[in-house]
Amino acid sequence: MLTRSVPLFLFLFVGCNTGGYAPVSGVITVNGKPYDKAVVSFQPIGTAENPNPGRGSSAYTDAQGRFVLSSDDGDDGAVIGKHRVRIMTRGNNVVGQAPNRGSPDGSPDGTPLEANVDPIPSEWNSRSEKEFEVPAGGTDKADFKIVTPNP
């Protein structure tokens, strides 16, 4: 009986696997210009068959707006399948992000810091419904063109 249950267990375990990671890269633009201050986050979306598809992936953009995803557990790329995409501006004093030093307002000596308004609309970050399908072979075309209401 044990020999029959082991192959079944292995089949179930492998059947729940997400299929691994695939390389993902792309370019972020804001109002047609490469955006070098972005944090890009891909979070796998579960299904009824696979409610826990794996860890998320993220990256920072470079001076040309390019990014290359790495998973939260250190693997290159992203889990194969559908992801929720969130893009926001990185920085200590961007509106919407909590300052990380000094007084409650973020300044080391108690004087207020000037806040920078995030040029990326909330529908790309905190309220994002944006999705991206990571193909099994990966992609270098995960490009996102963000347009702000008043460029």
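Me: Hey, starting with S57: is that residue buried or exposed?
Reply: S57 counts as buried, because its relative accessibility is 1%. Buried means under 20% relative accessible area, exposed means over 50%, and partly exposed is in between (1.4 Å probe, protein chains only).

Me: What kind of model is this, and how are the residues numbered?
Reply: This is a predicted model, where local features need pLDDT of at least 70, side-chain atom pairs count only at pLDDT 80 or more, and totals for chains, interfaces and linings use all residues. Residues are numbered from 1 along each chain as its sequence is written, and side-chain values use heavy atoms, with hydrogens and water left out.

Me: OK, what's the average pLDDT for the chain?
Reply: The average is 80, and 72% of the residues score at least 70. pLDDT is the predictor's confidence in each residue, from 0 to 100. Over residues 5–18 the pLDDT is below 50, and this stretch has six contacts beyond near neighbours in sequence. Residues 97–105 are also below 50, with 22 such contacts in the model. Contact means heavy atoms within 4.5 Å.

Me: Back to S57. Which strand is it in, and what does its side chain reach?
Reply: S57 is in strand β5 (residues 57–60). Strands here are DSSP runs of E, at least two residues, and helices are runs of H or I, at least four, numbered from the N terminus. The S57 side chain reaches the backbone oxygen of G77 at 2.8 Å. That's a polar contact: a pair of N or O atoms within 3.5 Å, where within protein one must be able to donate a hydrogen and the other to accept it, and residues adjacent in sequence count only if both atoms are side-chain atoms.

Me: And what's the strand order in the open sheet?
Reply: The five strands go β7-β5-β4-β9-β10, with antiparallel pairing. β7 (70–71) and β10 are the edge strands, each pairing on one side only. Two strands pair if DSSP finds at least two bridges between them.

Me: How many bridges join β4 to β9?
Reply: Seven, with β4 covering residues 38–44. β4 and β5 pair over four bridges, and β9 and β10 are joined by four bridges.

Me: Which residues stand opposite V40?
Reply: I87 in β9 and A59 in β5. Over between β9 and β10, K82 stands opposite E133.

Me: New topic: how many aromatic pairs are there?
Reply: A search of the whole structure finds four. Rings of Phe, Tyr and Trp (its six-membered ring) pair if their centres lie within 6.5 Å; planes under 30 degrees apart count as stacked, over 60 as edge-to-face and the rest as tilted. The W124 and F144 rings have centres 6.0 Å apart and planes at 75°, so that pair is edge-to-face.

Me: Where do those two residues sit?
Reply: W124 is in the loop between β9 (81–89) and β10 (131–134), and F144 is in strand β11 (residues 144–146), so the pair ties together parts 20 residues apart in sequence. W124 and F144 are both buried. Ring pairs also link F42, W124, F132 and F144 into a cluster.

Me: And what about H83, buried or exposed?
Reply: H83 is buried, with a relative accessible area of 0%. H83 is found in strand β9, and its side chain reaches the backbone oxygen of V79 at 2.6 Å.
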